[in-house]
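Visitor: Please pick one part of this structure and take me through it closely. I would also like to see how it sits against the rest of the chain.

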Amino acid sequence: MADTKVEQKARIGGERAYSPVINGIAGQLSGMAGLTLIHPVDTLKSRLQARTAGQPTTAVGTAVRMVRHEGLMSLYRGIGAPLVAFGAVNAIAWTANARILQLMHPEDRDDWEPTVMQGLIAGTLAGCCSATARGPMERIKTVQQVDQGGRLY
């Protein structure tokens, strides 16, 4: 069964598919969900990179030491800045990607699907746009992660 014209526009190039509000909300929620799952691993990585003599040299040893001396929530140290910023980063990236694909969409073709190269171009440009928010957020997050006596957020 063929898609109706409205379904094709919504799927490919219609305003609903490229709504900045929808992409912003989806980006915020996906960023927050992904961050809560992966942040402990990122914290361990930062701690291992910043370790000094006498500290554990494995991820498991570092995790055990952190939980014993600083509590379970120490694995989430520094999550505040990225929790807010990853949403902004993803919202910028998703919205930019959608808008760039929309600009590439030929107006005379309702059945248009982006090529792999067009997807790569749109993704690259969207990544460049989102880097403006990602850089400062990463700096704040890393400083907070390696601070062993500071606040958890």
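Guide: The account below starts with the whole chain and then turns to helix H5.

The model is predicted: local features need pLDDT of at least 70 and side-chain atom pairs count only at pLDDT 80 or more, while totals for chains, interfaces and linings use all residues. Residues are numbered from 1 along each chain as its sequence is written, and side-chain values use heavy atoms, with hydrogens and water left out.

The protein chain has five helices and zero strands, in the order α-α-α-α-α. Helices (H or I, at least four residues) and strands (E, at least two) are DSSP runs, numbered from the N terminus. Of the 153 residues, 32% are buried; buried means under 20% relative accessible area, exposed over 50%, and partly exposed in between (1.4 Å probe, protein chains only). Contact means heavy atoms within 4.5 Å. Among contacts between residues at least 6 apart in sequence, 73% join residues at least 24 apart.

Helix H5 covers residues 116–146 and bends by about 45 degrees at alanine 131. The bend at a residue is the angle between axes fitted to the seven residues ending there and the seven starting there. The buried residues of H5 include Ala122, Ala126 and Ser130, and also Met137, Lys141 and Gln145.

Gln145 has a partner in helix H2 (residues 20–49), where serine 46 is found. With its neighbours within four places in sequence left aside, serine 46 contacts Gln145, together with Thr142 and Val146. Serine 46 counts as buried because its relative accessible area is 3%.

Valine 116 also belongs to H5, but counts as exposed because its relative accessibility is 67%. Valine 116 is one of the residues of a nonpolar surface patch, alongside Met117, Leu120, Ile121 and Leu125. Together these residues have about 490 Å² of accessible area. Patches are made of residues with over 30% relative accessible area and no salt bridge; like charges are joined within 9 Å, nonpolar side chains (Val, Leu, Ile, Met, Phe, Trp, Tyr) within 5 Å. A salt bridge is a side-chain nitrogen of Lys or Arg within 4 Å of a carboxyl oxygen of Asp or Glu. Accessible areas come from the Shrake-Rupley method with a 1.4 Å probe; for residues, only the protein chains shown count as cover. The accessible surface of the protein chain comes to about 9400 Å², with 65% belonging to carbon and sulfur atoms.
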